[in-house]
Amino acid sequence: MKEIINLVPNSPNKQPVYYAPVYSSNCRWDVYVNDVLLYHFPAKKGDIINVQLPLNMRILASGKQIIKVIIYPLEGKTHLGEYATFKLRGEYYPDKRNMEEYDSFLNFELPYEQTKDLPYFEKSFEFEATVPYKLTGWTKSKDLTKVPNLEQKLLEKLKDLKKIIEANDDAKYLDAIKNREIEKYTSFYSSKEIMESALQENKISNHFDDSYDVAFLPIENYTLLLQGNNRIVELRMDGNDMYFWGIPFKGKYKDNNTNFEGSFNFRFHIPEGSDELEVIR
């Protein structure tokens, strides 16, 4: 835990953050930033959602950024229909310590008259970001389309991570997600106190307690998805209410027998000079 904290630079004087508020109903959608999935909303029956998406963890450095949205019909429908609603804004806050002051850089609303008969709708938006950090991320990672046996390598990596989680090995787990956490805390200018608290919560021993029973699910019926210009891979599975991209589990609360599902989510890359998959997001 201390190694992660020590590798995160001190918070700069200026701490700009970028957000993308989304409101939607009667549709499913994905939002990508710089070709890496930021948020997937698998609406089942016309669910309404109003969410503010933080962008900084997908912004590796200052310069041009690209937001892409893909909007799908509800399950069982072949067209978006006249009731599909999707609104997206872009907001820039010069300093995250003052969330009252911001500038808008994007305002989009799905034009239902032009899209209601479409099987899906896709659109990209560019904006300029200025941030006081520069992350390596996946900029120097290998092109995964050129990696032989990628699927088998990924399954083996998930198998290793599952063993770590089942063994409650906090040290190995934090080491496996180290680079992801360092870049996350850097991009959001996290203080030492916030990092210590978050990393403590991230420990495997704090994910589960005696109030419910948990069983890990088999990794099957999955799809390999490449992102980040083929530098990032995720293994996606379809749950009852959500998608998983990592190690899925199901549980049941002991007091009321309520079922739930979840997963330890990972996206992987192969760093420059390495042949091993590592967690990057």
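Phe127 is a buried residue, with a relative accessible area of 6%, and this walk through the structure, which is a predicted model, can set out from that residue. Its partner is Phe105: the centres of the two rings lie 4.4 Å apart and their planes meet at 25°, so the pair is stacked. A pair of aromatic rings is described by the distance of the centres and the angle of the planes, and planes under 30 degrees apart count as stacked. Distant parts of the chain are linked by this pair, since Phe105 belongs to strand 7 (residues 103-109) and Phe127 to strand 8, with their positions 22 residues apart in the numbering. Unlike the buried Phe127, Phe105 counts as partly exposed, at 26% relative accessibility.

A second pair is found between Phe216 and Phe249, whose ring centres are 6.2 Å apart and whose planes stand at 80°, so this pair is edge-to-face. Here too distant parts of the chain are linked, with Phe216 in strand 9 and Phe249 in strand 13 (residues 246-253), 33 residues apart. Phe216, at 22% relative accessibility, counts as partly exposed, whereas Phe249 is buried, with a relative accessible area of 11%. Both rings also belong to one aromatic cluster, which is formed by Tyr173, Phe208, Phe216, Phe249, Phe264, Phe266 and Phe268. A search of the whole structure finds 23 aromatic pairs.

Strand 13 also holds Pro248, which at 2% relative accessibility counts as buried. When residues up to four places away in sequence are left aside, Pro248 touches Phe216, Leu217, Pro218, Ile219, Met237, Gly262 and Ser263. Phe216, a member of the edge-to-face pair, is thus met again among the contacts of Pro248. The C-alpha atoms of Pro248 and Ala215 are 8.9 Å apart in space, although the two residues are 33 residues apart in sequence.

From these strands the reader can turn to helix 6 (residues 192-202), in which Met195, Leu199 and Asn202 are buried. Seen down the axis of helix 6, these buried residues fall within an arc of 55°, so they line one face of the helix. The face turned away from this buried side carries the exposed residues Glu193 and Glu201. What covers the buried residues of helix 6 includes helix 1 (2-7), helix 4 (170-176) and helix 5.

Helix 5 appears again at the largest pocket, which has a volume of about 550 Å³. The elements giving two or more residues to the lining of this pocket are strand 3 (36-41), helix 5 (178-187) and strand 14 (259-265), and strand 3 supplies the largest share, four residues. In total 22 residues line the largest pocket, and Leu38, Arg58, Trp245, Asn265 and Arg267 lie nearest its centre. Sorted by class, the lining of the largest pocket consists of 13 nonpolar, three polar and six charged residues.

The second largest pocket has a volume of about 280 Å³. Its lining is made up of 14 residues, of which Leu60, Thr136, Trp138, Thr139 and Asn229 lie nearest the centre of the pocket. By class, the lining of the second largest pocket has four nonpolar, five polar and five charged residues.

Two asparagines in loops complete the tour. Asn149 has a positive phi of about 60°, although this residue is not a glycine, and its place is in the loop between strand 8 (121-129) and helix 3 (150-166). At 59% relative accessibility, Asn149 counts as exposed, because a residue is called exposed when its relative accessible area is over 50%. Asn221 likewise has a positive phi without being a glycine, in this case of about 50°. Asn221 is found in the loop between strand 9 (212-216) and strand 10 (222-227), and with a relative accessible area of 71% Asn221 is exposed.

Key: Residues numbered from 1 in each chain as written. Predicted model: local features only at pLDDT ≥ 70, side-chain atom pairs only at ≥ 80, totals over all residues. Heavy atoms only, no water. Buried < 20%, exposed > 50% of the residue type's maximum accessible area, 1.4 Å probe, protein only. 1 Å grid on protein atoms, 1.4 Å probe; cavity = no way out; pocket = protein on both sides within 12 Å on 5 of 7 lines; lining within 4 Å. Points joined across faces, edges and corners; volume = space filled by probe spheres on them. Nonpolar A, V, L, I, M, F, W, Y, C, P; charged D, E, K, R; others polar. Arc of directions from axis to C-beta. Contact = heavy atoms within 4.5 Å. Phe/Tyr/Trp six-rings, centres within 6.5 Å; stacked < 30°, edge-to-face > 60°.
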